[in-house]
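Welcome! Please look over the sequence and the 3D view below, and then work through the exercises one at a time.

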Amino acid sequence: MTEGTTSAAQGVDTLTRLEQEGEIAADYLEGLLDIADLDGDIDMDVEADRAAVSIISDSGSHDLQKLVGRDGEVLEALQELTRLAVHRETGDRSRLMLDIGGFRARKRTELAELGAQAADEVKSTGEPVRMKPMTPFERKVVHDAVAAAGLRSESEGEEPQRFVVVLPA
């Protein structure tokens, strides 16, 4: 087998593994929706080498808002529980991302704009900008936006008070 063939086979294996994670997560979440007597459809995908599972609702996201909670706190907890369910089935640590009612997608857009604004401020003033504490997901989105703007950033502090600092080039 050539190196290119091995690499392609590993890519297929990774995709298959991530799709399996998504299916396990979907089964777990469907059970949760049944227990909570909530309506929602499950959408599975693979994004950036992660299984991505979304719960969406045709009747509006008001019912699903209960599963998001204030500032996504319940969503974060459900994501961890879902990752544990996947780990229990596969024996492997999961980096699965869960979105409910489009909350995380909207948050990603807001955070990318916030990161771009901080980068613009650093470019104009030449001074570092310290942002408010964020979750790991939020910091990742901001780091990506800052990098896209051509600057660098670092995370500082200890959880749950860890925050992003945008630095001059």
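**Exercise 1. A salt bridge between distant parts**

In what kind of contact do the side chains of Glu159 and Arg139 meet?

Step 1. Start with the ground rules. This is a predicted model, with residues numbered from 1 along each chain as its sequence is written, local features needing pLDDT of at least 70, side-chain atom pairs counting only at pLDDT 80 or more, and totals for chains, interfaces and linings using all residues. Side-chain values use heavy atoms, with hydrogens and water left out.

Step 2. Recall the term: a salt bridge is a side-chain nitrogen of Lys or Arg within 4 Å of a carboxyl oxygen of Asp or Glu.

Step 3. Apply it: Glu159 and Arg139 meet in a salt bridge, at 2.8 Å from N to O. The pair links distant parts of the chain, 20 residues apart: Glu159 sits in the loop between β5 (152-156) and β6 (163-167), and Arg139 in helix α5 (residues 136-148). Helices (H or I, at least four residues) and strands (E, at least two) are DSSP runs, numbered from the N terminus.

Step 4. Check the surroundings. Buried means under 20% relative accessible area, exposed over 50%, and partly exposed in between (1.4 Å probe, protein chains only). Arg139 counts as buried because its relative accessibility is 7%, while Glu159, at 44%, counts as partly exposed.

**Exercise 2. More salt bridges**

Find the salt-bridge partner of Glu73, and say how many salt bridges the rule gives.

Step 1. Locate the residue: Glu73 belongs to helix α3 (residues 73-90).

Step 2. Look for the partner. Glu73 forms a salt bridge with Arg70, where the closest N and O atoms are 3.3 Å apart.

Step 3. Compare accessibility with the cut-offs. Arg70 has 60% relative accessibility and so counts as exposed; Glu73 has 45% and therefore counts as partly exposed.

Step 4. Try one more pair. Arg152 and Glu154 form a salt bridge, with 3.5 Å between the closest N and O atoms. Arg152 is partly exposed at 46%, and Glu154 is partly exposed at 35%.

Step 5. Count: the rule gives nine salt bridges.

**Exercise 3. Reading the sheet**

Work out the strand order of the sheet that holds β4, β5 and β6, and describe what packs on it.

Step 1. Write down the order. The open sheet has three strands in the order β4-β6-β5, with antiparallel pairing. β4 (129-133) and β5 are the edge strands, each pairing on one side only. From one strand to the next, the twist averages 20 degrees. Angles run from 0 to 180 degrees between N-to-C directions, and axes are lines fitted to C-alpha atoms, for helices over the stretch in contact.

Step 2. Check the pairing. Two strands pair if DSSP finds at least two bridges between them. β4 and β6 have three bridges, and five bridges join β5 to β6.

Step 3. Match some residues. Pro133 has Phe163 in β6 as its bridge partner, Val129 stands opposite Val166 in β6, and Arg152 has Leu167 in β6 as its bridge partner.

Step 4. Look at the hairpin. Six residues lie between β5 and β6, and Gly157 takes a positive phi near 90 degrees in this hairpin.

Step 5. Add a helix. α5 lies across β4, β5 and β6, running at about 160 degrees to β5.

**Exercise 4. Inside β6**

Why is β6 described as largely enclosed by the rest of the structure?

Step 1. Count the buried residues: five of the five residues of β6 are buried, so β6 is largely enclosed.

Step 2. Sort the side chains. Phe163, Val165 and Leu167 point one way, Val164 and Val166 the other way, and all are buried. In a regular strand the side chains alternate between the two faces of the sheet.

**Exercise 5. A buried glutamate and the confidence values**

Place Glu21, list its contacts, and then check how confident the predictor is.

Step 1. Glu21 lies in helix α1 (residues 3-36) and counts as buried because its relative accessibility is 3%.

Step 2. Contact means heavy atoms within 4.5 Å. Leaving aside neighbours within four places in sequence, Glu21 is in contact with Ala51, Val86, Arg93, Ser94, Arg95 and Leu96.

Step 3. pLDDT is the predictor's confidence in each residue, from 0 to 100. The protein has a mean pLDDT of 91, with 92% of its residues reaching 70 or more. Among its elements, β6 has the highest mean (98) and α1 the lowest (84).
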